[in-house]
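Trainee: Could you pick one part of this fold and walk me through it slowly? I'd like to see how the helices and strands there sit together.

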Amino acid sequence: MGSINSLIRKNVRNLKPYSSARDEYEGEAAVFLDANENPWFPPLNRYPDPRQRALKKIISRMRAVSEENIFLGNGSDEAIDILIRGFCEPGSDNVVSIDPSYGMYEVTAAISGVSYRKVPLKDNFGLDQVALKDAADNNTRIIFLCSPNNPTGNSFLYSDINEIFKWYSGLLVVDEAYIDFSGKPGFLGEIENFERLVVLQTLSKAWGRAGIRLGMAFGNEEVIRVMNKIKPPYNINSLTIQEAIRTLDKEDEKNQRVKEIVDTRNMLEKKLEKLPMVRKIYPSDANFLLVRVDDADKLYKYLSDNKIIVRNRSKSTGCKNCIRITIGTRKEIDLLLKTLNDY
Ligand SMILES: Cc1ncc(COP(=O)(O)O)c(C=O)c1O
């Protein structure tokens, strides 16, 4: 607790948060005249629960994590933003991340006026612990480690995070947006062991609910308290809460779709290996493949001329001539393969 308190941005530490009408009254009242709502057009005339208790109860059970250790955001993107705003002093603190990785860490830090330091991954996309240590200093408040990493597809190891905590005293945020596709346990079970570890997950990928915007941050209750303190009171809307509850009830269906996607990924990998323009396929724990080809710009244009859109990652560090292919349905991937065969 002491060590986390010292990481909180000073104005946030001293902040008296906004207290909404629905925060102050918790019971089952007969008449609500406290929030300037319209009495007509139920049920969406009412503000949602600012603490999302019903939804957190379900997530808590599913993930075996207490409700005090869960923050819910308008996508993980909001959790990333709130972590930076809660823990980094603009102008003096910094954020460190691997390169290449998910682009929003850098953009979000830049919007907040927090400097962003990139640590290139090794040739095999493994973590360069020495370079990471060199890049971080006493003003590093957050290290973002995306695992499985976007766009490289590889996961990091327990030994990687264990090693980081030996020399580092800020927050380590492990972004597990793609964890369900990896078949690996991930780091959620480690938040009890490392009080400065935060794990991000989302309903946008394996759960197929990118449209409702629901991201989750799991961590020490002191970190979560800071995040809740600075979030907008009603950051998760009523429709999202309802749909998230419905979605989480269909875990078997999610697992079935994840299996299909992973099977399709494995099939695609085997077929791509045989194509003449393919130079290398990077092993993936996610719902995409990073593929090095002979000429990524040319292939990207050819595919988009044929109305198939992939992501050209050629300009990312270590990804020259790489395209990133999201695993779609079997039918979509068959069409991709047919189009590539005609290239
Ligand atoms: C690594 C990673 N984290 C987070 C996100 C965004 O997640 P959300 O939809 O929950 O904001 C993405 C989206 O592509 C991602 O690749």
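Mentor: Sure, let's start with helix H12, residues 296-305, which lies across E9, E10 and strand E11 (322-326). It runs at about 35 degrees to E11. Before going on, keep in mind that this is a predicted model: local features need pLDDT of at least 70, side-chain atom pairs count only at pLDDT 80 or more, and totals for chains, interfaces and linings use all residues. Residue numbers start from 1 along each chain, following the sequence as written.

Now some vocabulary. Helices (H or I, at least four residues) and strands (E, at least two) are DSSP runs, numbered from the N terminus. For the angles, axes are lines fitted to C-alpha atoms, for helices over the stretch in contact, and values run from 0 to 180 degrees between N-to-C directions. Two residues are in contact if their C-beta atoms, placed from the backbone, lie within 7 Å.

There's another helix to look at here. H11, residues 251-273, lies across E8 and E9, and its angle to E8 is about 145 degrees.

So what are these helices lying across? The strands belong to an open sheet of 4, in the order E8-E9-E11-E10, with antiparallel pairing. Strand E8 (278-281) and strand E10 (311-312) are at the edges and each has a single partner strand, so one side of each has no neighbour in the sheet. Two strands count as paired if DSSP finds at least two bridges between them.

Zoom in on the E8 edge. E8 joins strand E9, residues 288-293, in the antiparallel sense through 3 bridges. If you want a landmark, find valine 278: it stands opposite valine 293 in E9.

Finally, step back to the whole chain. Its domain assignment gives domain 1 (2-248) and domain 2 (252-341), and such bounds come from an automatic or database domain assignment. The C-alpha centres of the two domains are 29 Å apart. Where they touch, 21 residues of domain 1 are in contact with 20 residues of domain 2. On the domain 1 side of that meeting, you'll find 10 nonpolar, 7 polar and 4 charged residues. Here Ala, Val, Leu, Ile, Met, Phe, Trp, Tyr, Cys and Pro count as nonpolar, Asp, Glu, Lys and Arg as charged, and the others, Gly among them, as polar.
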